[in-house]
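Me: I am new to this structure and would like a close look at a single part of it, one helix, followed by how that part fits into the rest. Please take it slowly and explain each term as it comes up.

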Amino acid sequence: MGGDLYALDFDGVLCDSCGESSLSAVKAAKIRWPSIFNEVDAALEQWIVDQMHILRPVVETGYENLLLVRLLLELRIPSIRKSSVSAGLTVDGILENWLELKPVILKEWVEDRDCLIDLFGRVRDEWIEHEFSGWIGANRFYPGVAEALKFSSSTIYISRFADALLRELAGVIIPSDRIYGLGTGPKVKVLKQLQGRPEHQGLRFHFVEDRLATLKNVIKEPELDGWNLYLGKWGYNTEKERQEAEGITRIHLLDLPDFSMKLK
Ligand SMILES: [Mg+2]
């Protein structure tokens with residue numbers, strides 16, 4: 001009795017998929033806006049991907065990557081601007097004001113959210129289907145994470161998607177009964193299910209996540225008061241969010257090396 005159970009978020013905690021999502025977005029942007037993206041060479045594409053690492057914390061839904069890559073291109077090449085939205089805008093400005101900018105650019109560019117969601121999903125699926133190894137290679141595990149999972153003595157739960165990548169990229173196999181399906185709903189629901197299982201009674205519960213909003217949702221649930229909550233500083237969150245998290249007593253801020261140590 002008295003062991004530890006870890007529920008681990010995937011993207012931004014175990015794996016950095018920002019390269020993958022940014023390249024998927026550039027592929028989709030070439031289809032949606034060929035006249036604008038025709039001029040993008042390899043160097044410019046790399047610049048876009050680099051900036052996307054800074055902007056990744058604002059992305060909630062995949063299609064937003066598509067909006068961001070076009071906006072970045074408009075910052076870089078003023079002559080392609082189709083509206084005044086990007087005039088005077090900087091990468092930091094996008095980071096600060098994305099929630100307000102998003103509806104404005106959809107309107108100014110006359111784009112439909114659902115169509116972009118559909119296109120982004122289709123492009124990614126085709127990439128996985130036709131060039132699986134290239135797609136896999138665009139994802140990476142954060143340093144030390146795969147080894148820590150492999151040798152961990154704690155009970156660990158990861159998503160089905162994380163399991164597939166762990167096997168492909170790092171040769172690490174997690175027992176299938178310790179994998180939670182992505183289809184099982186929001187994190188709050190998954191945590192309730194995990195703590196309710198008879199075999200988990202007496203364990204200490206830990207949840208590691210990189211999205212502050214998700215941790216705040218957990219805090220709102222009195223039923224989940226027994227969970228230790230961690231915000232992974234290496235993931236997709238901003239300095240401002242990390243500062244906010246420091247003021248929330250339930251949340252512990254975690255560095256990557258400390259995370260790997262904890263799992264062991
Ligand atoms: Mg995440």
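Reply:

**Helix H6 and its surroundings**

Helix H6 covers residues 113-130, and its 18 residues reach 26 Å from the first C-alpha to the last, which is close to the 26 Å expected at 1.5 Å a residue. The expected span used here is 1.5 Å times one less than the number of residues in the helix, and helices themselves are DSSP runs of H or I with at least four residues, numbered from the N terminus, while strands are runs of E with at least two. This is a predicted model, in which local features need pLDDT of at least 70 and side-chain atom pairs count only at pLDDT 80 or more, whereas totals for chains, interfaces and linings use all residues. Residues are numbered from 1 along each chain as its sequence is written.

The buried residues of H6 are Leu116, Phe120, Val123 and Arg124; a residue is called buried if 20 or more other C-beta atoms lie within 10 Å of its own, exposed if 12 or fewer do, and partly exposed in between, with C-beta atoms placed from the backbone. These four cover an arc of only 95° around the axis, which puts them on the same side of H6, the arc being that of the directions from the helix axis to the C-beta atoms. An α-helix has 3.6 residues a turn, so residues three or four places apart point the same way. The face of H6 turned away from the buried side carries the exposed residues Asp114, Cys115, Arg122, Asp125, Glu129 and His130.

What covers the buried residues of H6 includes helix H1 (18-32) and helix H4 (64-76), where two residues count as in contact if their C-beta atoms, placed from the backbone, lie within 7 Å.

Just before H6 comes the loop between helix H5 (91-108) and H6, and Val110 has its place there. The phi of Val110 is near 50°, a positive value in a residue other than glycine. Most residues other than glycine have a negative phi. Val110 counts as exposed because it has 8 C-beta neighbours inside 10 Å.

On the other side of that loop, helix H5 holds Asn97, which is partly exposed because 13 other C-beta atoms lie within 10 Å. Asn97 and Val58 are 39 residues apart in sequence, and their C-alpha atoms are 9.3 Å apart in space.

A useful companion to H6 is helix H3 (residues 42-55), whose 14 residues reach 20 Å from the first C-alpha to the last, close to the 20 Å expected at 1.5 Å a residue. In H3 the buried residues are Ile48, Gln51, Met52 and Leu55, and seen down the axis they fall within an arc of 110°, so they line one face of the helix. The face of H3 turned away from its buried side carries the exposed residues Ala42, Ala43 and Gln46. The cover over the buried residues of H3 includes H1, H4 and H5, and H1 and H4 are also among the elements that cover the buried residues of H6.

Stepping back to the whole chain, the domain assignment gives domain 1 (4-15 + 141-263) and domain 2 (18-137), with bounds that come from an automatic or database domain assignment. The centres of the two domains, taken over C-alpha atoms, are separated by 28 Å, and five residues of domain 1 are in contact with four residues of domain 2.

Outside the part we began with, Ala245 has its place in helix H12 (residues 239-246) and is buried, with 20 other C-beta atoms within 10 Å. Leaving aside residues up to four places away in sequence, Ala245 touches Leu212, Leu231, Ile251 and Leu253. The C-alpha atoms of Ala245 and Leu119 are separated by 35 Å, and the two residues are 126 residues apart along the chain.

Taken as a whole, the protein chain has 13 helices and eight strands, and of its 264 residues 31% count as buried. Its C-alpha trace spans about 65 × 40 × 30 Å along the principal axes. Among the contacts with a separation of 6 or more, residues 24 or more positions apart account for 67%.
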